[in-house]
Amino acid sequence: MNHSPVKFFPVSVKAVLKKYRFDPQNRGLSVDLSSYLLVGAVLFVAGVVCMATKRNGIGVLMGVELVLNGANINFVAFANYTKLGLDGQVISLFVIVLAAAEAAVALAIALSFYNNHLTIDVDQANQLQG
Amino acid sequence: MTGHQLLFWVFAAVTCGGAIAVVLTQNVVRMAFWLIVSLGASAGLFFLLNADFVGTAQLLVYVGGTLVLLVFGVMLTASGPFSKMQTRPGELFLAGIVAFLLLGLLGSSVCSVNWNAVVAATNHGQPLLARQELNHGYNKPEEGNTGHPLGMAFLGMRPDRDLAPGTKTLSTGYLLPFEIASVHLLVVLIGAAYLARAKRRVQPNE
């Protein structure tokens with residue numbers, strides 16, 4: 001396998017469009033591992049932007065959930081298509097359980113913060129600022 | 001277009017659209033609704049990837065549990081009429097640029113790898129979980145085989161790896177992480193109940 005240099009952005013857009021254009025020979029849009037990885041990438045980016053831009057604390061939590069779900073899609077896709085096998089499904093189940101635990105603790109922290117400040121605006125949480 | 005492709009594109013479009021709607025919506029309750037849509041459609045993607053138990057757990061734990069928790073959090077922490085928590089337009093513009101660049105980086109990374117060659121090199125050219133020998137355990141179904149390979153992996157036994165052709169050694173499972181996760185959940189629930197308890201001041205006269 002020859003190593004092609006890392007392509008910069010406009011070239012990659014062209015590659016994505018070339019990969020997913022309608023091809024009558026292929027009878028439609030083909031689905032393989034990279035399709036699932038692109039869905040996971042979209043979820044990850046949406047989650048990161050959600051974490052960065054939301055001022056509501058619960059909105060930040062939803063961003064974390066989106067990021068974890070994007071990682072889960074990658075794990076399950078690799079479990080189905082490569083030699084990773086059942087290990088990917090096991091790890092994605094652990095991720096689901098830990099995400100539920102994290103949501104419970106973070107919501108308890110949000111409730112406690114709301115009881116003290118009467119808001120969950122994360123910009124107001126600056127008592128520990130040096 | 002086969003049924004698998006059609007279902008994949010429907011579920012992928014709903015998943016990505018729901019995630020983007022979560023980012024673009026400012027109302028927290030509507031964000032929770034779009035998060036339900038996105039997570040439910042990604043459970044459909046898990047079903048398409050032969051991960052039936054993971055998809056079911058996604059529906060039960062995320063859509064049934066975590067989002068109910070989030071909606072309760074929204075209700076218990078209602079913001080007043082004078083505290084609008086909107087994102088400023090400059091921040092949204094900057095976030096859009098960062099999202100565009102990050103998505104381009106990830107997309108170009110995914111598309112620069114020939115995944116079909118990777119799958120063919122590691123996996124004899126076919127999806128691993130679709131292989132017939134993974135669908136049974138150590139004994140035959142008529143001998144009382146009721147264990148799913150995923151559940152046996154959590155109990156520390158790996159028939160999916162041990163029964164593969166050419167395997168000489170036994171593989172280990174995930175019994176210890178499973179136990180750690182269960183104790184972790186107990187600790188987390190006690191800690192969350194402690195953090196969110198109602199704090200009442202003791203009256204000095206009583």
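In this predicted model, helix 4 of chain A and helix 8 of chain B cross with a left-handed sense. The two helices, spanning residues 86-117 of chain A and residues 175-195 of chain B, pack at an angle of about 15 degrees, and their axes are 9 Å apart. Helix 4 of chain A and helix 8 of chain B are therefore roughly parallel to each other, since angles under 35 degrees count as such. On the chain A side, the residues that meet helix 8 of chain B are Phe94(A), Val97(A), Ala101(A), Ala104(A), Val105(A), Ala108(A), Ile109(A) and Ser112(A). Their counterparts in helix 8 of chain B are Pro177(B), Ala181(B), His184(B), Leu185(B), Val188(B), Leu189(B), Gly191(B), Ala192(B) and Leu195(B). Sorted by class, the residues of this contact comprise 14 nonpolar and 3 polar, with no charged residues.

A second pairing across the two chains involves helix 3 of each. The axes of helix 3 of chain A (residues 57-81) and helix 3 of chain B come within 11 Å and cross at roughly 175 degrees, which makes helix 3 of chain A roughly antiparallel to helix 3 of chain B. Here Ile58(A), Leu61(A), Met62(A), Glu65(A) and Val76(A) make the contact with Val54(B), Thr66(B), Leu70(B), Gly73(B) and Val74(B). The residues of this contact divide into 7 nonpolar, 2 polar and 1 charged.

It is helpful to place these pairs within the whole contact between the chains, to which chain B gives 79 residues and chain A gives 75 residues. On the side of chain B that touches chain A, two or more residues each come from helix 1 (3-24), helix 2 (28-48), helix 3 (52-76), helix 4 (89-111), helix 5 (115-123), helix 6 (149-154) and helix 8. Helix 4 of chain B gives the most to this side, with 13 residues. By class, the side of chain B that touches chain A holds 55 nonpolar, 22 polar and 2 charged residues.

Turning to the fold of chain B itself, its secondary structure consists of 8 helices and 0 strands, so that the order of elements from the N terminus on reads α-α-α-α-α-α-α-α. The domain assignment gives chain B a domain 1 (1-78 + 86-112) and a domain 2 (127-206). The C-alpha centres of domain 1 and domain 2 of chain B lie 25 Å apart. Of the 206 residues of chain B, 26% count as buried. Among contacts in chain B between residues at least 6 apart in sequence, 36% join residues at least 24 apart.

Definitions and conventions. Residues numbered from 1 in each chain as written. Chains lettered and ligands numbered in written order. Predicted model: local features only at pLDDT ≥ 70, side-chain atom pairs only at ≥ 80, totals over all residues. Axes fitted to C-alpha atoms, helices over the stretch in contact; angles between N-to-C directions. Helix = DSSP H or I, 4+ residues; strand = E, 2+ residues; numbered from the N terminus. Parallel < 35°, antiparallel > 145°, perpendicular 65-115°, else oblique. Left-handed = near helix turned anticlockwise from the far one by under 90°. Contact = placed C-beta atoms within 7 Å. Nonpolar A, V, L, I, M, F, W, Y, C, P; charged D, E, K, R; others polar. Domains from an automatic or database assignment. Buried ≥ 20, exposed ≤ 12 C-beta atoms within 10 Å, placed from the backbone.
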